[in-house]
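Visitor: I am new to this one. Could you show it to me and take me through it?

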Amino acid sequence: KRAAILISGRGSNMLALIEAAEDAHYPVEIAGVISDKADAGGLETARGHGIPAVAVPRGDYASKADHEHALQAELARLDPDIVCLAGFMRLLSAEFLEPWKGRIINIHPSLLPKYKGLDTHERAIEARDTVHGCSVHHVTAGMDDGPVIMQAEVPVLPDDTPETLAARVLAEEHRMYPLALAELARSAN
Ligand code: GRF
């Protein structure tokens, strides 16, 4: 199976997937990386691992539809079986998602359905949650809304700040995303 990864930033989850796929026994090969931001740090990280990486910046296109067509064209070149969103900060339309139904997944730093959207760690601390975590889920047109594939929990400690909690969750993201992608690849035919 081949996967493409969409990013917007530093790409630490992207790197976790690339490193997992460097193992010959891993059931997925990373076909390439696409960023919607020209300055995403993850682009250089991917290239450093020999993975083709291109930027398709939103600002280069007149409309969201034009931008999505350009993203779709880059995906067509990579010809993946599965698309992984990894810190990709843009909502994709139902039309864009249609050809990828069941084959496009995202990682989100909360125990969905709790805390969709931004500032999840701050919100978990604010709510005095004692457990927090991350989810890999199927992507639908609603934000962070599709069926959950896998979740991992971490404790929220009494003196946690959003930063310390984010770091604890991120370590679980890096462990879980490769597992969830492998599971999807093995179950899809
Ligand atoms: C991660 O916390 C991910 O769950 C969220 O955005 C962050 C991206 O980090 N969607 P990175 O670019 O993978 O390092």
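Guide: A word on naming comes first: helices, of at least four residues, and strands, of at least two, are DSSP runs numbered from the N terminus. In those terms, Tyr115 sits in the loop between strand 5 and helix 5. Please bear in mind that this is a predicted model.

Visitor: What is the phi of Tyr115 like, positive or negative?

Guide: Tyr115 has a positive phi, about 55 degrees, although Tyr115 is not a glycine. The loop between strand 5 and helix 5 (120-126) also holds Pro113. The peptide bond leading from Leu112 to Pro113 is cis, and its omega is near 10 degrees.

Visitor: And how does the model score on pLDDT?

Guide: The average pLDDT of the protein is 97, and 99% of the residues reach at least 70. The ipTM is 0.97, and the pTM is 0.97 as well.

Visitor: Let us turn to the sheet. In what order do the strands run?

Guide: The sheet is open and has seven strands in the order 3-2-1-4-5-6-7, with mixed pairing. Strand 3 (53-55) and strand 7 (148-155) are the edge strands, each pairing on one side only. On average, neighbouring strands are turned by 20 degrees against each other, direction ignored.

Visitor: How do strand 5 and strand 6 run, parallel or antiparallel?

Guide: Strand 5 and strand 6 (residues 131-138) run antiparallel and are joined by four bridges. Within that pairing, Ile105 stands opposite His138 of strand 6.

Visitor: Which strands does helix 1 touch?

Guide: Helix 1 packs on the sheet and touches strand 1 (2-7), strand 2 (29-35), strand 4 (82-85) and strand 5. The direction of helix 1 makes about 160 degrees with that of strand 2. Helix 3 (residues 64-78) packs on the sheet too, touching strand 1, strand 2, strand 3 and strand 4. The direction of helix 3 likewise makes about 160 degrees with that of strand 2.

Visitor: New topic, the ligand. How many residues surround it?

Guide: The ligand is surrounded by 14 residues, of which Gly9, Ser12, Asn13, Gly87 and Pro109 are the closest. Six residues of this shell are nonpolar, six are polar and two are charged.

Visitor: Which element supplies the largest share of the shell?

Guide: Helix 1 does, with three residues. Helix 1 (12-21), strand 5 (104-108) and helix 6 (162-187) each supply at least two residues of the shell.

Visitor: Lastly, what does UniProt list for residues 1-181?

Guide: An unreviewed UniProt entry lists residues 1-181 as "domain: Formyl transferase N-terminal". Over that stretch the chain is 35% helix and 23% strand, with its end C-alpha atoms 10 Å apart.

Key: Residues numbered from 1 in each chain as written. Predicted model: local features only at pLDDT ≥ 70, side-chain atom pairs only at ≥ 80, totals over all residues. Near = placed C-beta within 6 Å. Nonpolar A, V, L, I, M, F, W, Y, C, P; charged D, E, K, R; others polar. UniProt positions renumbered as here; feature names shortened; annotations may be inferred. Pairing = 2+ DSSP bridges. Axes fitted to C-alpha atoms, helices over the stretch in contact; angles between N-to-C directions. Contact = placed C-beta atoms within 7 Å. pLDDT = per-residue confidence, 0-100.
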